[in-house]
Amino acid sequence: MTAFRSIVSGCGSYLPEKIVTNKQMEDIVDTTDEWIIERTGIKQRHIAADGELTSDLAVKAAQRALSDAGLSANDIDLIVLATSTPDQTFPSTATRVQAALGMTRGAAFDVQAVCSGFIYALATADNFVRAGQAQHVLVIGAETFSRILDWKDRTTCVLFGDGAGAVVLSAGPSTGTNKDQGILSSHLHSDGRYNELLYVDGGVSSTQSTGFLRMKGKEVFRHAVVNLASVVKEALDFNGLTSDDVAMVIPHQANKRILDATIRKLKISPSKVAITVEKHANTSAASIPLALVEMVKENRIARGDIVVLEAMGGGFTWGSCLIRW
Ligand code: UT7
């Protein structure tokens, strides 16, 4: 049987035009620029315009990723889109993106794992490629978290932003060793007992409303550092690699202090960690592909490099993905 690896053949991202600075947040809630920067590293966030939907952001990111890969929409066999802020309860945002891209073949669906969504989407897409069921897959993380924020709750509304990022995965050859180019492994976890630490207080089946994001930040922080360090270690051990082999870590961008504490635990140099939280804030499922695109643009990732993606979010869900670039 032929074996395949998923190679990242293109990537692209999109951020809404409107930027809201911490200073502007001071006019909305009882907060300060200093508090937000000191506790989170965030300086600004992008906010979608009225009528600008998650699928609009996703389509723009997807078009850029397709163009980067040198492919057209009808070359794509599958779209896997991670979001917790879909345009509609159904159908999936992925099918809206499919239509907007003019893609008339293949399949499209959403995955929901909150801030770990992009890792879950990537792992799902990778399995389709490895199984020989798809040659090119568009994997998208897209969010309009501004729509589920309680803009009177200073403990949450300062933390999040809107955006989208996408990658194209294309099937390449595999020898089954860690010398292959492409996704070497992904590792997913969840523990539903922690629902009440990070959730939205509404939903179709419970309240017939959308609800607002609620978080016990301190507790989430504590779990995040432990789970993220352990899931990166799991990926390295699985592939017979160590922290020294890592060229770049692309973490979910929730809080600079979480990123710092996690890499300290892993003994990875801060120079090898992508940090975009100051510009984008926490864009949930979009944060990893947004950061990845920045690292690619800045030429901070070279062919053959070991790149580790990691995320943790509501559920709890967490996961990692190890790629030889
Ligand atoms: O992406 C999914 C995963 N999510 C995360 O990873 C988020 C994890 N958690 C965090 O990032 C941090 O816990 C926060 C940034 C949310 C909060 O930072 P913290 O250092 O844990 O602060 P805290 O919640 O302990 O609050 C400290 C103080 C409190 O006042 P008192 O009780 O000490 O008087 C808060 O009321 O800061 C106050 N506070 C604020 N002050 C100014 C909370 N939010 C704000 C605010 N501006 N926006």
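## Exercises on a sheet and its salt bridges

Opposite Ala166, a residue of strand 7, stands Gly12. The model is predicted, with local features requiring pLDDT of at least 70 and side-chain atom pairs counting only at pLDDT 80 or more, whereas totals for chains, interfaces and linings use all residues. Residues are numbered from 1 along each chain as its sequence is written, and side-chain values rest on heavy atoms, with hydrogens and water left out.

**Exercise 1.** Establish in what order the five strands form the sheet, and which strands lie at its edges.

*Solution.* Begin with the elements themselves: helices (H or I, at least four residues) and strands (E, at least two) are DSSP runs, numbered from the N terminus. Two strands count as paired if DSSP finds at least two bridges between them. On that basis the sheet is open, its order is 1-7-6-4-5, and its pairing is mixed. Strand 1 (4-14) and strand 5 (107-111) are the edge strands, each pairing on one side only. From one strand to the next, the twist averages 20°. Finally, strand 1 meets strand 7 (residues 162-173) in the antiparallel sense, over ten bridges.

**Exercise 2.** Identify the strands across which helix 5 lies, and give its angle to strand 6.

*Solution.* Contact requires heavy atoms within 4.5 Å; axes are lines fitted to C-alpha atoms, for helices over the stretch in contact, with angles from 0 to 180 degrees between N-to-C directions. Helix 5 (residues 117-130) lies across strands 1, 4 (78-82), 5, 6 (136-144) and 7, and runs at about 165° to strand 6.

**Exercise 3.** Find which parts of the chain the salt bridge between Arg154 and Asp30 ties together.

*Solution.* A salt bridge needs a side-chain nitrogen of Lys or Arg within 4 Å of a carboxyl oxygen of Asp or Glu, and by this rule there are 14. In the pair Arg154 and Asp30, the closest N and O atoms are 3.7 Å apart. Because Arg154 belongs to helix 6 (residues 154-157) and Asp30 to the loop between helix 1 (22-25) and helix 2 (33-40), the pair ties together parts 124 residues apart in sequence. For accessibility, buried means under 20% relative accessible area, exposed over 50%, and partly exposed in between (1.4 Å probe, protein chains only). Arg154, at 46%, is partly exposed, while Asp30, at 62%, is exposed.

**Exercise 4.** Classify both partners of the Arg193–Asp191 salt bridge as buried or exposed.

*Solution.* The closest N and O atoms of this bridge are 2.6 Å apart. Arg193 is exposed at 63%, whereas Asp191 is buried at 15%.
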